[in-house]
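User: I'd like a close look at one part of this chain: the loop that leads into the last helix, and how that helix packs against the others. Could you walk me through it in one go?

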Amino acid sequence: MSQVRALVRNSRGGKEKDDKEKRARQIFDKTRLAIKKDSKESELRELLPNLTAAVELSPSVAQYYYVRAGIFS
């Protein structure tokens, strides 16, 4: 969870909403590339903090929630 806070904190520093959304997209894209069909559950759980950070930075993007929820199913 500290990783999530660090990612969010680094994005706040007086930046505007567009910057947060851009950072969220970067985090999400990087994480999505790491997710593979044959990934083990433990590997996927390691990616959860990144997806959580994307959700916290840009909560209006449903795709971030959908991919994050897919890890639990």
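Analyst: Let's start at the loop between α3 and α4, which is where S60 sits. This is a predicted model, so everything here is computed from predicted coordinates. S60 has a relative accessible area of 61%, and since anything over 50% is called exposed, S60 is exposed. For a sense of where this loop lies, take E21: its C-alpha atom is 9.5 Å from that of S60, although the two residues are 39 apart along the chain.

Now a step back to the whole chain. Its secondary structure amounts to four helices and zero strands, giving the pattern α-α-α-α along the sequence. Of the 73 residues, 32% are buried. If you take the contacts with a separation of 6 or more, 58% of them link residues 24 or more positions apart.

On to the helix after the loop. The axes of α3 and α4 come within 10 Å of each other and cross at roughly 160 degrees. An angle over 145 degrees counts as roughly antiparallel, so that is how α3 runs relative to α4. The crossing itself is left-handed. On the α3 side, the contact is built from L44, R45, L48, L51, T52, A54 and V55, and these meet Y64, Y65, V67, R68, I71 and F72 of α4. Sorted by type, the residues of this contact come out as ten nonpolar, one polar and two charged. I71 is a good one to click on: leaving aside residues up to four places away in sequence, I71 touches L44, R45, L48 and L51.

Helix α4 also meets α2. Here the axes of α2 (residues 17-34) and α4 (residues 62-72) come within 11 Å and cross at roughly 30 degrees. That is under the 35 degree cut-off, so α2 and α4 are roughly parallel to each other. This crossing is left-handed too: that's how α2 passes α4. From α2, the residues involved are E21, A24, R25, F28 and R32, and their partners in α4 are Q63, Y64 and V67. By type, this contact divides into four nonpolar, one polar and three charged residues. Notice that E21 shows up in this contact, and E21 is also the residue whose C-alpha atom is 9.5 Å from that of S60. Y64 and V67, meanwhile, appear in the α4 list for α2 and again in the α4 list for α3.

What ties these helices together on the inside? The largest nonpolar core has 13 residues, and A24, I27, F28, L51, A54, Y64 and I71 have the most contacts inside it. Helices α2, α3 (41-57) and α4 each supply at least two of the core residues, with α3 giving the most, seven residues. Several of those names have come up already: A24 and F28 are in the α2 contact with α4, while L51, A54, Y64 and I71 are in the contact of α3 with α4.

I27 is worth a last look. It is found in helix α2, and its relative accessibility is 6%; anything under 20% is called buried, so I27 counts as buried. Its C-alpha atom is separated by 9.8 Å from that of L57, with the two positions 30 residues apart in numbering terms along the chain.

How values were computed. Residues numbered from 1 in each chain as written. Predicted model: local features only at pLDDT ≥ 70, side-chain atom pairs only at ≥ 80, totals over all residues. Heavy atoms only, no water. Axes fitted to C-alpha atoms, helices over the stretch in contact; angles between N-to-C directions. Parallel < 35°, antiparallel > 145°, perpendicular 65-115°, else oblique. Left-handed = near helix turned anticlockwise from the far one by under 90°. Contact = heavy atoms within 4.5 Å. Nonpolar A, V, L, I, M, F, W, Y, C, P; charged D, E, K, R; others polar. Core = buried A, V, L, I, M, F, W, Y, C linked by side-chain atoms within 4.5 Å. Buried < 20%, exposed > 50% of the residue type's maximum accessible area, 1.4 Å probe, protein only.
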